[in-house]
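Colleague: I have just opened a new structure and would like to learn how you justify the words you use for it. Could you take me through it step by step?

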Amino acid sequence: MASPVTHAVVAISLATAWKYPRPAWSFLVLGVISAEIPDLDVIGFLFGVPYGHPFGHRGFTHSLLFAGCLAGAVVGLGSSMDEWGTRRGSLWSFIFFATISHGLCDALTDGGLGVAFFVPFDSSRYFFPFRPVVVSPLDWRDAFSAVGVKVLRSEVIWIWIPCIILAGSWVWLQRRLRRQGRVKNFKRMVSEENGSETE
């Protein structure tokens, strides 16, 4: 798996791009929780669920169906939608992409089993052809070892930096479009005022 810190970075990048100019803290937290939830499937190890089982690690909770159901549940509750100023469709898509980003990051790693994106319809496991990210160990204590440093370095290069660049580019584009819209509105107001003065 990718490390929990990296899953959080991806979710925060998504939230930043989704809610211009600045997402609420609760919106950021919601995205981070959504991106971390898939790894709750490690609880299955305590109950003897094999890694390769459809409900094992990187199984159902990493699937497209799970992401869609989780997003639907959050939208169904809808308690904070007014606070975020978000429509149901937009909120659903944000939660869906934040959740499925977990499996996408895992599919970039060089270890473990692949990701069962299509459970329960297909139990096959998938990786991307290009897998540059060093897989994060399941034991959190290893995060502070030499292995943990190697994992973090690969994640910064292959996940953090691209996410920051993409989110920053999207924010810049929205800011530019908004500024152009304001300039056009200002020019229209000026022309309307000039027209009314000459009448």
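Modeller: Happy to! This is a predicted model, and a search for disulfides finds zero in the structure.

Colleague: How do you know that C105 is in no disulfide?

Modeller: Compare the distance with the cut-off. The cysteine sulfur nearest to that of C105 belongs to C163 and is 6.4 Å away. A disulfide needs two cysteine sulfur atoms within 2.5 Å, so C105 is in no disulfide. Turning to C163, the nearest cysteine sulfur is that of C105, and C163 is in no disulfide either.

Colleague: Why are C105 and C163 called buried?

Modeller: Buried means under 20% relative accessible area. C105 has 6%, so the word fits. C163 has 16%, so C163 counts as buried too.

Colleague: What makes R58 and D106 a salt bridge?

Modeller: Here the closest N and O atoms are 3.7 Å apart. The cut-off is 4 Å between a side-chain nitrogen of Lys or Arg and a carboxyl oxygen of Asp or Glu, so R58 and D106 qualify. The whole structure has one salt bridge.

Colleague: Where do the two partners, R58 and D106, sit in the chain?

Modeller: R58 lies in the loop between α3 and α4, while D106 belongs to helix α6 (residues 88–106). They are 48 residues apart, and the pair links distant parts of the chain. Both R58 and D106 are buried.

Colleague: Now to E155. How do you know that it has no salt bridge?

Modeller: The nearest side chain of opposite charge is R58, at 8.8 Å. A salt bridge needs a distance within 4 Å, so E155 has none. E155 is buried all the same, and its place is in helix α7 (residues 146–198).

Colleague: What is E155 in contact with, leaving aside neighbours within four places in sequence?

Modeller: E155 is in contact with A2, S3, T6, V133 and W160.

Colleague: Why is L70 called buried?

Modeller: L70 has 17% relative accessibility, and buried means under 20%, so L70 counts as buried. L70 sits in helix α4 (residues 64–77). Beyond neighbours within four places in sequence, L70 is in contact with S34, I37, I95 and T99. Take I95 from that list: L70 and I95 are 25 residues apart along the chain, and their C-alpha atoms are separated by 7.5 Å.

Colleague: And what makes L40 exposed?

Modeller: Exposed means over 50% relative accessible area; L40 has 52%, so L40 is exposed. L40 is found in the loop between α2 (25–36) and α3 (43–46).

Colleague: Which residues form a nonpolar patch on the surface together with L40?

Modeller: Its companions are I43, L46 and F47, and together the four have about 490 Å² of accessible area.

Colleague: Let's finish with the whole chain. How many helices and strands does the chain have?

Modeller: There are seven helices and zero strands, so the pattern along the sequence reads α-α-α-α-α-α-α. Among the 199 residues of the chain, 38% count as buried. The chain exposes about 11700 Å², with carbon and sulfur atoms supplying 68% of that.

Colleague: Of the contacts with a separation of 6 or more, what share joins residues 24 or more positions apart?

Modeller: That share is 64%.

Key
Residues are numbered from 1 along each chain as its sequence is written. This is a predicted model: local features need pLDDT of at least 70, side-chain atom pairs count only at pLDDT 80 or more; totals for chains, interfaces and linings use all residues. Side-chain values use heavy atoms; hydrogens and water are left out. Patches are made of residues with over 30% relative accessible area and no salt bridge: like charges are joined within 9 Å, nonpolar side chains (Val, Leu, Ile, Met, Phe, Trp, Tyr) within 5 Å. Accessible areas come from the Shrake-Rupley method with a 1.4 Å probe; for residues, only the protein chains shown count as cover. Helices (H or I, at least four residues) and strands (E, at least two) are DSSP runs, numbered from the N terminus. Buried means under 20% relative accessible area, exposed over 50%, partly exposed in between (1.4 Å probe, protein chains only). Lys and Arg count as positive and Asp and Glu as negative; His and the chain ends are not counted. Contact means heavy atoms within 4.5 Å.
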